[in-house]
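Please work through the following exercises with the sequence and the three-dimensional model side by side. Each task is followed by a solution in steps.

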Amino acid sequence: MKEILITSSALILALLALRRLFRRTLSRRAQYALWGLVLLRLLIPANLPAADFSLLTAAEPVRQTVENRLEAPRRYYSPMSTVPAAQFPAADRAEPGHLVPDYAGSFGYPVLSEDGSTVTTYASRLETPFVWKDVLLTIWGVGTGVMAVWLLLSNLLFWRKLRKARTPYPVEGFSLPVYLVESGLPSPCLFGLFRPAVYLTPAALQSPDSLRHVLAHEETHARHGDPLWSLLRGVCLTVYWFDPLVWWAALASRTDCELACD
């Protein structure tokens, strides 16, 4: 997940900047379509090909530092040898008091001293049962479950509310079912994944032009497959609920979705 978070964050920031710089020259549909790249990066757990320099290699020192801070305290026993740090491979990439990373030795646990001057190789170690990574993983799992339940319940309640308040509104030659909701609906909408329908408010019926514009707008949502994109947006928010950039991207893409249909 670390690679996905780094690359998706860079992609989101780039698209937000592009959206702001070229908002008058780049079409609304193109701006909306570009968010599909973020969606693919967040939902497809594939690693990018290695490169000599990339965002991942640039972020590696930060990643290593964070992992060392979250690493469970360890106690090492039975010292076998001590050598100057300058003579030990990869000692310059170790944190003081921590295990030398990526050590390819056949046996033992080389640990850099607190002052960084020597490396002592121990025969064994004892790990404490408390691990920050496990705690963070548990928090992420609980948050994901809460988000999934909240999104599911909110959509089910909205669907139930629409079904109880709707009345059929016949529109000749329109490809989707149309319903009128007298009260409780702030604006017209397209709702439904497998059987989408258009829900109108009394304000949308004030004039034939207003009704025509609303129906054209909601029909465009259906042609774009926006109910499916809305579902995938919800999946991203469920999995990455802790990432403010994902929330920012979801809000921006939803705005671009509406503008692309206008």
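The exercises below go from the overall fold to salt bridges, aromatic rings and surface patches.

This is a predicted model, in which local features need pLDDT of at least 70 and side-chain atom pairs count only at pLDDT 80 or more, while totals for chains, interfaces and linings use all residues. Residues are numbered from 1 along each chain as its sequence is written, and side-chain values use heavy atoms, with hydrogens and water left out.

**Exercise 1. Describe the secondary structure of the protein chain and state what share of its residues is buried.**

Step 1: Helices (H or I, at least four residues) and strands (E, at least two) are DSSP runs, numbered from the N terminus, and the protein chain has 7 helices and 7 strands.
Step 2: Along the sequence these elements follow the order α-α-α-β-β-β-α-β-β-β-β-α-α-α.
Step 3: Buried residues, those under 20% relative accessible area (exposed is over 50%, partly exposed in between, with a 1.4 Å probe and protein chains only), make up 32% of the 262 residues.

**Exercise 2. Find the salt bridges in the whole structure and say which helices they involve.**

Step 1: Side chains of opposite charge can pair when their charged atoms come close. With a salt bridge defined as a side-chain nitrogen of Lys or Arg within 4 Å of a carboxyl oxygen of Asp or Glu, the search finds 3.
Step 2: R41 and E3 meet at 4.0 Å, N to O. Because R41 lies in helix α2 and E3 in helix α1, this pair ties together parts that are 38 residues apart in sequence; both residues are buried.
Step 3: R19 forms a salt bridge with D256, with the closest N and O atoms 2.9 Å apart. Since R19 belongs to helix α1 and D256 to helix α7 (residues 244-261), the pair ties together parts that are 237 residues apart in sequence. R19 is partly exposed at 24% relative accessible area, whereas D256 counts as buried at 0%.
Step 4: R212 and D209 meet at 2.8 Å, N to O, and both lie in helix α5 (residues 208-224), 3 residues apart, which is about one turn of the helix.

**Exercise 3. Identify the rings that link Y240, W241 and F242 into a cluster, and classify their pairs.**

Step 1: Rings of Phe, Tyr and Trp (its six-membered ring) pair if their centres lie within 6.5 Å; planes under 30 degrees apart count as stacked, over 60 as edge-to-face and the rest as tilted. The whole structure holds 4 aromatic pairs.
Step 2: Y240 and F242 form a tilted pair, 6.4 Å centre to centre with 55 degrees between the planes.
Step 3: W241 and F242 form an edge-to-face pair, 5.8 Å centre to centre with 90 degrees between the planes.
Step 4: Y240 is buried at 3% relative accessibility, while F242 at 34% is partly exposed.

**Exercise 4. Locate a nonpolar surface patch and name helices that supply it.**

Step 1: Patches are made of residues with over 30% relative accessible area and no salt bridge, where like charges are joined within 9 Å and nonpolar side chains (Val, Leu, Ile, Met, Phe, Trp, Tyr) within 5 Å; accessible areas come from the Shrake-Rupley method with a 1.4 Å probe, and for residues only the protein chains shown count as cover.
Step 2: A nonpolar patch of about 830 Å² has among its members L37, I44, F194 and V235.
Step 3: α2 and α6 (226-239) each supply at least two of its residues, while I44 sits in the loop between α2 and α3 (55-70).
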